[in-house]
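This report introduces one protein chain to a reader who has not met it before. The sequence and the three-dimensional structure are shown first, and selected regions are then described in turn.

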Amino acid sequence: MGNPKVDQHVLLAGWLTKKGSANAFSSGNTWRRRYFTLCSSAPTSGPTAGPAAAPTPAVLRYFTSDAPAALQSPRGEAPVQPNSTVRVLDTEAALTENGLSGKFLGKRLLAFHAAPPGNGERETARSAFILEADSAATMHAWVTALSEVIADARQAVAGGGDGGGVEGSSVSGGGKGGERRGSGGPHQRRGRRFTGALERAGLCGPLGGPAIPAVPGAVWESPAFIDLLADAMLTQNAADRRGAALATGAPDGALRPLVTSSTEVARALGQLMMPTTAAESTALNEARQALVSLGDLALVCPAGSCDNQRFLAWLGQIVERVRNIPRGRSLLLPGGWCTKTGGHPLVYAVHRKDTTFSLAVSNTGDGLKYHPTEADPLLDGFRAMHTIQLDDIEPGVLLDSSSWALLYRPLIFPAPGKIQAETIYTKVLPFLNKRPLMASVGA
């Protein structure tokens, strides 16, 4: 195995404890500290490289030391593919699936499978990394980074087949010989993949002019950047394309985009260089802490698990956090629903007043048809309001776990997205403050 390419970018690096693989020389029960690097995809430069060059997949490598990669060879590596998966091992079922006993429950474990199970026992063992992080933040960072490069790999396939370029939204696989059909317009370029969040959103590159080089770690590489600053520029086709790029392909991944966005925005708030007053500094710190807490909750939420015991434990945690909100303060909670192939995240903001609570529901995608519309001068038309606020909720409602059970059931038990959204918007939300949803808009 060779060293990392000099033109590859290291997205994340650090020490993790890796479980050994069972073979003729090892029982597979040993755990060793290894230095891991996650390198982003980058086309290999050279005389043969060009617009049609196939993108090099992102690679997860591990070493015995943290010396520069040029001075040592990796002990192992695995390419990140469209069918790769990463998950937190926080249930007995997840541990069992990965060959671990229940005694590991509660540890900060994650599993990365470069290839899905079922490709042969030997091949599955070689491509599976069972890792333990030193802290929840470290585990959070690795799961987020791996989820992002998996999404990029899926977008590369969805956007252009074998390293191809972007095709129209009417692409299908029904052509003769498996060829794809697109709009065939001037913006359709073969031989180039999306490389960043701006391109995935359709704001540059094949859909919007000159391409902007991908800069790992840059603020504009986060989907949250598009939502905050360029949302008015998104067409429906661009929004659908972005959704495909962030798709996880599994019910337990419904909240991963939320984990990514909350992490990136919290990190940006923590790196602000502008001078602030004491009050502004306090407000920024509180916002950052709220986003970090939101990401942590989203990471441990049993989304798509269909596990009643974990669901009950999760409800108890939510009720306890709501009960401890000081008057005049707010709490951010993950929400949404899951389907068999993924799902859609929402954000719930609970605010405690003197005698009542309010609940704000924020949505940037599926389910916006249930939101009211507002005039938008930039679009020269109307657009859906992303947030609905429900006021005058009695304390007994939000301090009752049965209310949260109704709201979170669509996130724990997969079902068709249309049914899940309808349940939340037409049944559960009106129940909370005992008024029709649209009656809360002008309140």
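## Strands β9 and β10

Tyr 348 stands opposite Val 361 in β10. The model in which this pairing appears is a predicted one. A second pair of facing residues is formed by His 351 and Ser 358, the latter in β10. Strand β9 covers residues 342–352 and strand β10 covers residues 357–362; the two run antiparallel and are joined by 6 bridges. The connection between β9 and β10 is a hairpin of 4 residues.

How many residues of β9 are buried? Of its 11 residues, 8 are buried, so strand β9 is largely enclosed by the rest of the structure. Strand β10 is likewise mostly covered, with 5 of its 6 residues buried.

## The partners on either side

Strand β9 also pairs with strand β8, which comprises residues 330–339. The strands β8 and β9 run antiparallel, and 10 bridges join them. Within this pairing, Gly 336 has Pro 345 of β9 as its bridge partner. A hairpin of 2 residues leads from β8 to β9.

Strand β10 has a further partner in strand β13, residues 387–393. Their pairing is antiparallel and extends over 5 bridges. Val 361, the residue that Tyr 348 stands opposite, has Ile 388 in β13 as its bridge partner. As a general principle, the strands of a sheet pair through backbone hydrogen bonds, in either a parallel or an antiparallel sense.

## An open sheet of seven strands

Another part of the chain forms an open sheet of 7 strands. Their order is β4-β3-β2-β1-β7-β6-β5, and the pairing is antiparallel. Which strands lie at the edges of this sheet? The edge strands are β4 (76–79) and β5 (85–88), each of which pairs on one side only. On average, and with direction ignored, neighbouring strands of the sheet are turned by 30 degrees against each other.

At the β4 edge, the neighbouring strand is β3, residues 59–63. Strands β3 and β4 pair in the antiparallel sense over 4 bridges. One of the pairings links Tyr 62 to Gly 76, its bridge partner in β4.

## Helices α8 and α9

Two packed helices are described by the angle between their axes and the distance between the axes. Helix α8 spans residues 278–300 and helix α9 spans residues 308–323; their axes come within 12 Å and cross at roughly 165 degrees. Angles over 145 degrees count as roughly antiparallel, and α8 and α9 are therefore roughly antiparallel to each other. The crossing in which α8 passes α9 is left-handed.

Which residues of α8 and α9 meet? From α8, the residues are Ser 293, Leu 297 and Val 300; from α9, they are Arg 310, Trp 314, Gln 317 and Arg 321. By character, the residues of this contact divide into 3 nonpolar, 2 polar and 2 charged.

## Two residues with positive phi

Most residues other than glycine have a negative phi. Asp 392 has a positive value instead, with phi near 60 degrees. Asp 392 is found in strand β13, the strand that pairs with β10. With a relative accessible area of 43%, Asp 392 is partly exposed.

Lys 434 also has a positive phi, near 60 degrees, and is a residue other than glycine. Lys 434 lies in the segment after α12 (417–433). Is Lys 434 buried or exposed? Its relative accessibility is 59%, so Lys 434 counts as exposed.

## The chain as a whole

The chain has 443 residues, of which 44% count as buried. Its secondary structure comes to 12 helices and 13 strands. Among the contacts in the chain with a separation of 6 or more, 61% are accounted for by residues 24 or more positions apart.

Definitions and conventions. Residues numbered from 1 in each chain as written. Predicted model: local features only at pLDDT ≥ 70, side-chain atom pairs only at ≥ 80, totals over all residues. Heavy atoms only, no water. Axes fitted to C-alpha atoms, helices over the stretch in contact; angles between N-to-C directions. Parallel < 35°, antiparallel > 145°, perpendicular 65-115°, else oblique. Left-handed = near helix turned anticlockwise from the far one by under 90°. Contact = heavy atoms within 4.5 Å. Nonpolar A, V, L, I, M, F, W, Y, C, P; charged D, E, K, R; others polar. Buried < 20%, exposed > 50% of the residue type's maximum accessible area, 1.4 Å probe, protein only. Pairing = 2+ DSSP bridges.
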